[in-house]
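Here is a colleague's note to read alongside the model. Please keep the sequence and the structure in view, and check each point against them as you go.

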Amino acid sequence: MEAVKLSRIVEKLAPELQSFLTESELDLKIVLRDGLALLEPHDAMEIVQHSICEHQNQAMLH
């Protein structure tokens with residue numbers, strides 16, 4: 001298991017997504033069962049999508 005920031009995953013596998021994410025989203029800690037070395041680009045996209053959804057669920061709407 002390896003814990004990394006979402007920013008590190010995005011930098012390595014999907015740098016084109018970085019401008020679409022907020023600093024707080026990029027700062028999220030993600031626990032990877034098999035580590036960063038085994039991730040594929042489609043895995044990164046799935047992680048980003050899930051992280052955004054979770055982050056939005058925690059946000060308060062006014």
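1. A term is needed before anything else: a residue is called buried if its relative accessible area is under 20%, exposed if that area is over 50%, and partly exposed in between, with a 1.4 Å probe and protein chains only. Helices (H or I, at least four residues) and strands (E, at least two) are DSSP runs, numbered from the N terminus. With these terms, strand β2 can be read residue by residue: Ile30 and Leu32 point to one face and are buried, while Lys29 and Val31 point to the other face and are not. In a regular strand the side chains alternate between the two faces of the sheet.

2. Some care is due over the source, since this is a predicted model, in which local features need pLDDT of at least 70 and side-chain atom pairs count only at pLDDT 80 or more, whereas totals for chains, interfaces and linings use all residues. Residues are numbered from 1 along each chain as its sequence is written, and side-chain values use heavy atoms, with hydrogens and water left out.

3. The overall plan comes next. The protein chain has 3 helices and 2 strands, which follow the pattern β-α-α-β-α when read along the sequence. The C-alpha trace spans about 40 × 25 × 15 Å along its principal axes, and 32% of the 62 residues count as buried. The radius of gyration (taken over C-alpha atoms) is 12 Å, which agrees with the value near 11 Å for a compact globule of 62 residues, where the globule rule is 2.2 Å times the number of residues to the power 0.38.

4. How do the two strands β1 and β2 run relative to each other, parallel or antiparallel? They run antiparallel, and 4 bridges join strand β1 (residues 2–5) to β2; two strands count as paired if DSSP finds at least two bridges between them. Within this pairing, Lys5 stands opposite Lys29 in β2.

5. Helix α1 has a buried side. Its buried residues are Leu6, Ser7, Ile9, Val10 and Leu13, and because they cover an arc of only 160° around the axis, they lie on the same side of α1. The arc is that of the directions from the helix axis to the C-beta atoms.

6. The largest nonpolar core (a set of buried Ala, Val, Leu, Ile, Met, Phe, Trp, Tyr and Cys residues joined through side-chain atoms within 4.5 Å) has 16 residues, of which Leu6, Ile9, Val10, Leu32, Leu39 and Ile47 touch the most other members. The elements giving two or more residues to this core are α1 (6–13), β2 (29–32) and α3, and the largest share, 4 residues, comes from α1. Leaving aside neighbours within four places in sequence, Leu39 is in contact (heavy atoms within 4.5 Å) with Ile9, Leu13, Leu32 and Ile47.

7. Ser51 deserves a separate look. This residue lies in helix α3 (residues 41–58) and is buried, with a relative accessible area of 6%. Its side chain reaches the backbone oxygen of Ile47 at 2.8 Å, and, not counting residues up to four places away in sequence, Ser51 touches Leu6, Leu28 and Ile30. Leu6, for its part, is buried with a relative accessible area of 0%.

Terms used. A polar contact is a pair of N or O atoms within 3.5 Å; within protein, one must be able to donate a hydrogen and the other to accept it, and residues adjacent in sequence count only if both atoms are side-chain atoms.
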